[in-house]
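Student: Before we start, I would like to see the model and go through how its labels are assigned.
Tutor: Here it is.

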Amino acid sequence: MIAVIDYKAGNLTSVLKALRAAGADPTPTDNPADVLRSDKIILPGVGHFAATQFLEDRGLKAAAKQRINTGVPFLGVCVGLQWLFAGSTEAPGCAGLAAFPEICERFAPGKKVPHVGWNSLAIRTGSRLFAGVSDGSFVYFTHSWRAPVVSATVAITEYGEPFTAAVERDNVMGVQFHPEKSGEAGLQVLRNFVEMRGC
């Protein structure tokens, strides 16, 4: 079962539709018990980082962490990627999963925010998530905060400065862009995740 965590933060319906187009039969849920029996987990999201406090309050964070630790593939989308980090200056009192110790920050002054629209990816070789996706492919973004480039970054985008467009370490993955709005490249990313085996 692919559990798509519903934490009342936006783009759930479009993510579910795209996953079905990628050949999956996803289960939307806000129940930790569903997460604990899942074979894969997706955390979508748009909007404010503070919305992720719902995950802590409902026991979903603990359930997701438990499954991740057993090797179950996890994919965060947009705010879902940022949640994989320790936190965000957008909501300093709200802790992320801390799979990566860095903090997400707002784009530097001088750049128009939010960063909205199509932008290209510089993809590092060897990523399972980007198998079959060409370097330089364009995908769709909408965000004002960004994750820094880290050792697990597998795709970089430039918007005044380089930032993490995608991160991947073993079974923990996230994309800042919206694959459900990114045409064939986004659909291929979702297919890769749907077909992926755990670690």
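**Labels and their cut-offs**

Tutor: In this predicted model, Arg-58 has a relative accessible area of 40% and is partly exposed.

Student: Why is Asp-30 called partly exposed?
Tutor: Asp-30 has a relative accessible area of 25%. Partly exposed is the class between under 20%, which is buried, and over 50%, which is exposed, so Asp-30 at 25% is partly exposed.

Student: How do you know that Arg-58 forms a salt bridge with Asp-30?
Tutor: The closest N and O atoms of Arg-58 and Asp-30 are 3.6 Å apart. The cut-off is within 4 Å, so the pair counts as a salt bridge. Arg-58 sits in the loop between α3 and α4, and Asp-30 in the loop between β2 and α2, 28 residues apart.

Student: What makes Lys-61 buried?
Tutor: Its relative accessible area is 14%. Buried means under 20%, so Lys-61 is buried. Glu-56, its salt-bridge partner at 3.2 Å, N to O, is partly exposed at 43%.

Student: Why is Lys-8 called exposed?
Tutor: Lys-8 has a relative accessible area of 53%, and exposed means over 50%, so the label applies to Lys-8. Lys-8 forms a salt bridge with Asp-6, with the closest N and O atoms 3.1 Å apart. Asp-6 is buried, with 19%.

Student: Why does Thr-153 count as buried?
Tutor: Thr-153 has 1% relative accessibility; the limit is under 20%, so Thr-153 is buried. Thr-153 lies in strand β11, and its side chain reaches the backbone nitrogen of Val-150 at 2.8 Å.

Note on methods:
Residues numbered from 1 in each chain as written. Predicted model: local features only at pLDDT ≥ 70, side-chain atom pairs only at ≥ 80, totals over all residues. Heavy atoms only, no water. Helix = DSSP H or I, 4+ residues; strand = E, 2+ residues; numbered from the N terminus. Buried < 20%, exposed > 50% of the residue type's maximum accessible area, 1.4 Å probe, protein only. Polar contact = N/O pair within 3.5 Å; in protein donor to acceptor, adjacent residues only side chain to side chain. Salt bridge = Lys/Arg side-chain N within 4 Å of Asp/Glu carboxyl O.
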